[in-house]
Structure formats: C-alpha cells, structure tokens
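Trainee: Could you walk me through this one before I go back to the bench?
Mentor: Gladly, let us have it on screen and take it piece by piece.

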Amino acid sequence: MDFRLTADQKGVRDSIRELADKVLRPRAAAFEAAGEVPADVRRHLAEMGLFGMLVPERFGGSALDPLSYCLAIEELARACAATSITVSVSNSVVAAPIAAHGSDEQKQSLLPSMARGELLGAFCLTEAHAGSDAAALRTRATRTAEGYRLQGSKAWATNAGWAGLFIIFATLDPALGSRGITAFLVRSGNPGQPAGPPERKMGLRASSTAPVYLDDCEIPSSDRLGEEGRGMAIALETLDAARIGVAAQCVGIAQAAFEEATAYARGRRAFGHPIAEFGAVKAQIADMATDIDAARLLTHHAASLRATGAEFGCQASMAKLWASEAANRVAARAVQIHGAAGYSADSPVERLYRDARVTTIYEGTSEIQRLVIARRLLGSRVHSTPISPGPLA
Ligand SMILES: Cc1cc2nc3c(=O)[nH]c(=O)nc-3n(C[C@H](O)[C@H](O)[C@H](O)COP(=O)(O)OP(=O)(O)OC[C@H]3O[C@@H](n4cnc5c(N)ncnc54)[C@H](O)[C@@H]3O)c2cc1C
C-alpha cells in the first residue's frame with residue numbers, strides 16, 4: 001500500500017485546513033456557547049463547496065475520492081467537531097445515497113441545491129426505541145392514491161433543525177421485518193412534519209440534533225428513494241461508507257487534543273521543569289501519537305479500499321471502532337496533561353473530551369462495530385443475533 005497522498009489530495013487537505021483554521025477554530029467555543037454553527041458560517045462553507053464533496057460533478061459537486069473526503073472531514077473536525085458532523089451528514093448519508101439510489105428526477109431536482117449548500121440533509125433511521133436494532137423501527141408508511149402517508153417519529157436526527165430534506169426510513173409492513181422498510185424523501189415545510197425540540201447534549205452542542213415527527217405526512221410516489229422494501233439495504237450500504245468519514249472525524253478530534261496537550265506540556269512548569277520533561281507525561285504523549293497514527297492509517301486504508309472498488313465494510317468498521325475509542329483515550333489524556341486547567345469549561349480540551357464521547361455511540365456503537373467485524377470475519381452463520389448494524393450520526 002502506498003501511503004503517499006497525491007498532489008490533489010494534499011491540495012484538498014491544505015485548503016480545508018486553511019479554511020478551518022481561519023473560519024472555524026477561533027470560533028468553535030463561541031459556536032458551542034450559541035448552540036449552533038451560525039448560518040453565515042454554513043453559507044461560507046457552502047460557497048467553498050463543502051456540502052457538495054460527495055455530489056457528482058454533473059450535478060455541481062466536486063465528487064471527491066474517498067481519501068480526499070476523509071482528509072477534508074479530519075481537518076474540519078480538528079477545528080470544530082460540530083461543524084464536521086453537520087457537513088458530513090449532509091454529504092455522506094443524504095447526498096451520497098440520493099446519488100447512488102435516486103431517480104434521475106430526484107438527482108436533478110435535489111443534488112445541485114445540495115451541492116450549493118442551499119438544501120441541507122438529515123438522515124432519519126433511529127427511533128426512541130430502535131437504535132442499534134434499527135430493523136425494529138415503527139414509523140409506518142401507508143400507500144395512498146398519490147403516494148404514501150408517513151406516521152411515526154424519529155429520534156436523534158443530526159441537522160434536523162436546519163435541514164431542508166429528510167431521508168425517512170419507514171415500514172410498509174412490520175410483519176416483513178427489515179424487508180418491509182422503505183426510504184422516503186421528505187421536504188421541510190411539509191405540514192405533516194412538525195419540527196421537534198433540539199436535544200440537550202453532552203458534546204457537539206453546536207450541531208443540530210432533534211427528533212423528527214411524521215404526522216399524517218403525505219408524499220408523492222416520486223419521493224420514494226429506491227424500491228419498496230429496499231430501505232434497510234440502502235441504510236446499511238450508506239452507513240458502511242459513512243463510517244469511514246466518522247473515523248476521519250475522530251482522527252481530527254484526537255489530533256486537536258494532541259496539539260493542545262503537547263503545547264501545554266511544553267509551557268507548563270512544575271518542580272522547576274516543563275512538565276513535558278517528565279517521563280510519565282512523555283509516555284502519554286507517545287501513546288496519544290501512536291493511537292492517532294493507527295487511527296489515521298486504518299481510516300486511510302478503508303478509504304483506499306473503497307476507492308479501488310474493493311470490499312471495505314469490515315475495514316470501515318475497524319477504522320470507526322479504533323478511531324472513536326482512540327479519540328476518547330487521547331482526549332482524556334489531553335485533559336489529564338492539562339490538570340485542573342483541562343477541567344475548566346473554558347479549555348478547548350474540555351470541549352474536545354465531550355465532543356469525542358459520542359463517537360463510540362453514533363453511526364453504530366463500538367459493540368455493534370465489533371459484531372459487524374466478527375460477522376464479516378467468521379461468516380454470518382455463526383452469528384445469530386438479528387442485528388442491523390446500527391445507525392448513525
Ligand atoms: C449526537 C447524536 C447524533 C445522532 N445522529 C443520528 C442521525 O443523524 N440519524 C440517526 O438515524 N441516528 C442518529 N443518532 C442515533 C445513533 O445512531 C444511535 O444512538 C446509536 O445507533 C445507538 O442506538 P441507541 O442509542 O438506541 O442505543 P441502543 O441500541 O439502545 O444500545 C444501548 C447499548 O446496548 C448495546 N447493544 C445494543 N445491542 C447490542 C448487541 N446486540 N450486542 C451488544 N451490545 C448491544 C449498545 O452498544 C449500547 O451500548 C445520533 C445519536 C447521537 C447521540
């Protein structure tokens with residue numbers, strides 16, 4: 001495997017780093033305090049093409065290769081994790097499945113405005129009682145003369161407060177289990193889809209997360225995404241690929257925590273020396289750097305497999321599993337190295353510690369990633385749990 005980046009990939013990384021350092025990093029704490037990535041910042045990112053990274057060029061996007069996309073998400077997360085998830089959800093779990101499974105009409109009518117960032121996407125699989133076991137979802141779709149009526153509610157939908165377009169997974173017949181689940185496209189402003197109140201969260205407080213209600217929500221047949229009964233297959237395929245982006249987000253969070261910790265260790269003095277001179281601190285720095293390198297390599301490996309068209313699902317889960325747990329370890333060590341200063345709500349590492357926490361939960365928990373990896377290694381016959389390997393962010 002060649003670990004060198006191409007000139008184009010370096011160009012993507014460097015330009016997003018410059019943008020993120022200028023526009024996001026200095027304001028990440030203010031975004032969190034305000035509880036939002038401000039609309040002017042989202043507009044600026046849109047003008048820079050960040051919401052079209054996975055939109056095909058013929059619909060106005062930049063169609064980045066999987067590794068370039070990871071580099072972009074890592075740089076955004078290094079500056080502001082909440083912004084990175086806002087961008088990645090619209091790209092990887094809304095625009096990407098529409099590009100892959102949408103009708104020509106859906107692609108033509110939706111993807112150009114998604115690429116311009118005018119239409120932000122939300123992906124709604126999780127329900128209050130069905131997260132890891134997504135096939136147990138209860139939102140109902142009923143056929144009508146013109147199309148479908150949706151009834152139910154979704155939980156924890158990222159971007160819900162800002163989205164113009166929601167992918168809703170609903171069942172046409174609960175007796176069919178996962179084979180009854182179908183994906184639908186719902187526009188904001190549909191009278192059958194009142195907005196839910198924002199979740200109060202431990203971290204990623206500047207990202208929008210809310211329930212989505214479907215109250216006799218009528219949609220035309222043309223707004224079904226893919227065939228009836230194919231919804232779970234679309235969700236799982238989408239999440240397999242999107243997990244690589246979450247792994248990249250984790251690498252970015254860990255990298256930021258590492259940079260804060262090394263800078264602090266060099267400057268903070270105790271017993272007449274910079275604390276960076278103490279063996280116990282050096283060991284933590286070495287472990288943090290090793291964790292980050294391993295996470296980045298697993299992420300880039302999964303992205304490279306995907307780019308070549310090879311099977312990548314197992315490596316995507318490995319990357320997501322390792323990178324999310326590494327981000328938590330690294331952020332915890334960064335707090336430790338800061339001592340009380342790291343416990344202050346004014347410290348960037350305190351925010352990074354809280355932002356990292358969700359990464360072992362969303363897009364499929366660590367427990368579910370391990371089941372997915374083991375099933376792919378051992379074959380599905382030895383695994384009898386009816387797992388639908390977990391939703392997303
Ligand atoms: C900030 C945030 C943003 C999110 N964004 C989105 C989004 O945009 N769209 C969306 O659809 N969802 C989203 N989610 C939901 C997220 O994907 C789910 O929370 C996640 O899949 C876990 O589901 P759950 O919370 O219901 O936990 P549960 O499934 O109830 O799991 C609880 C615990 O049991 C464990 N567990 C469950 N089943 C097994 C098993 N078979 N073996 C071993 N352990 C198991 C889990 O690992 C976990 O530790 C988001 C969540 C958060 C917190």
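**Helices and a few odd residues**

Mentor: In helix α12, the buried residues are Ile 368, Gln 369 and Val 372, and please keep in mind throughout that this is a predicted model.

Trainee: Are those three on the same side of α12 or spread around the axis?
Mentor: They are on the same side of α12, because the arc they cover around the axis is only 105°. In general, an α-helix has 3.6 residues a turn, so residues three or four places apart point the same way.

Trainee: And which residues of α12 are exposed on the other side?
Mentor: There you find Leu 377 and Leu 378, which are exposed, while the cover over the buried residues of α12 includes α9, residues 313-338.

Trainee: What span should α12 have, and how far apart are its end C-alpha atoms?
Mentor: Helix α12 runs over residues 366-378, and at 1.5 Å a residue its 13 residues should span 18 Å, which agrees with the 18 Å between its end C-alpha atoms. The helix is followed by Gly 379, whose phi is positive, near 95°.

Trainee: Which residues that are not glycine have a positive phi, then?
Mentor: Two to look at are Trp 156, with a positive phi of about 55°, and Glu 363, where phi is also positive at about 60°. As background, most residues other than glycine have a negative phi.

Trainee: Where do they sit, and is each one buried or exposed?
Mentor: Trp 156 belongs to strand β3, residues 147-158, and it is buried, since 23 other C-beta atoms lie within 10 Å and the cut-off is 20 or more. Glu 363 is in the loop between α11 (348-357) and α12, and it too counts as buried, with 31 C-beta neighbours inside 10 Å.

Trainee: Switching topic, what about α7, how many residues has it and how far does it reach?
Mentor: Helix α7, residues 231-267, has 37 residues and reaches 53 Å from its first C-alpha to its last, which is close to the 54 Å expected at 1.5 Å a residue. There is nevertheless a kink of about 30° in α7, centred on Ala 241.

Trainee: How many of its residues are buried?
Mentor: In α7, 30 of the 37 residues are buried, so the helix is largely enclosed by the rest of the structure. Glu 259 also lies in α7, but this residue is partly exposed, having 14 other C-beta atoms within 10 Å. From Glu 259 to Glu 227 the C-alpha separation is 47 Å, although the two are 32 residues apart in sequence.

Trainee: What does Pro 97 touch?
Mentor: Leaving aside residues up to four places away in sequence, Pro 97 touches Ile 167, Leu 225, Ile 234 and Thr 238. Pro 97 itself is found in helix α5, residues 81-101, and counts as buried with 24 C-beta neighbours inside 10 Å.

Trainee: Last one: at what angle do α4 and α8 cross?
Mentor: The axes of α4 (residues 66-79) and α8 (residues 279-308) cross at roughly 145° and come within 8 Å. On the α4 side the contact is made by Pro 66, Leu 67 and Cys 70, and on the α8 side by Thr 299, His 300, Ala 303, Ser 304, Arg 306 and Ala 307. By class, that contact has five nonpolar, three polar and one charged residues.

Key. Residues are numbered from 1 along each chain as its sequence is written. This is a predicted model: local features need pLDDT of at least 70, side-chain atom pairs count only at pLDDT 80 or more; totals for chains, interfaces and linings use all residues. Axes are lines fitted to C-alpha atoms, for helices over the stretch in contact, and angles run from 0 to 180 degrees between N-to-C directions. Helices (H or I, at least four residues) and strands (E, at least two) are DSSP runs, numbered from the N terminus. Two residues are in contact if their C-beta atoms, placed from the backbone, lie within 7 Å. Ala, Val, Leu, Ile, Met, Phe, Trp, Tyr, Cys and Pro count as nonpolar, Asp, Glu, Lys and Arg as charged, and the others, Gly among them, as polar. The expected span of a helix is 1.5 Å times one less than its number of residues. A residue is buried if 20 or more other C-beta atoms lie within 10 Å of its own, exposed if 12 or fewer, and partly exposed in between; C-beta atoms are placed from the backbone. The arc is that of the directions from the helix axis to the C-beta atoms. The bend at a residue is the angle between axes fitted to the seven residues ending there and the seven starting there.
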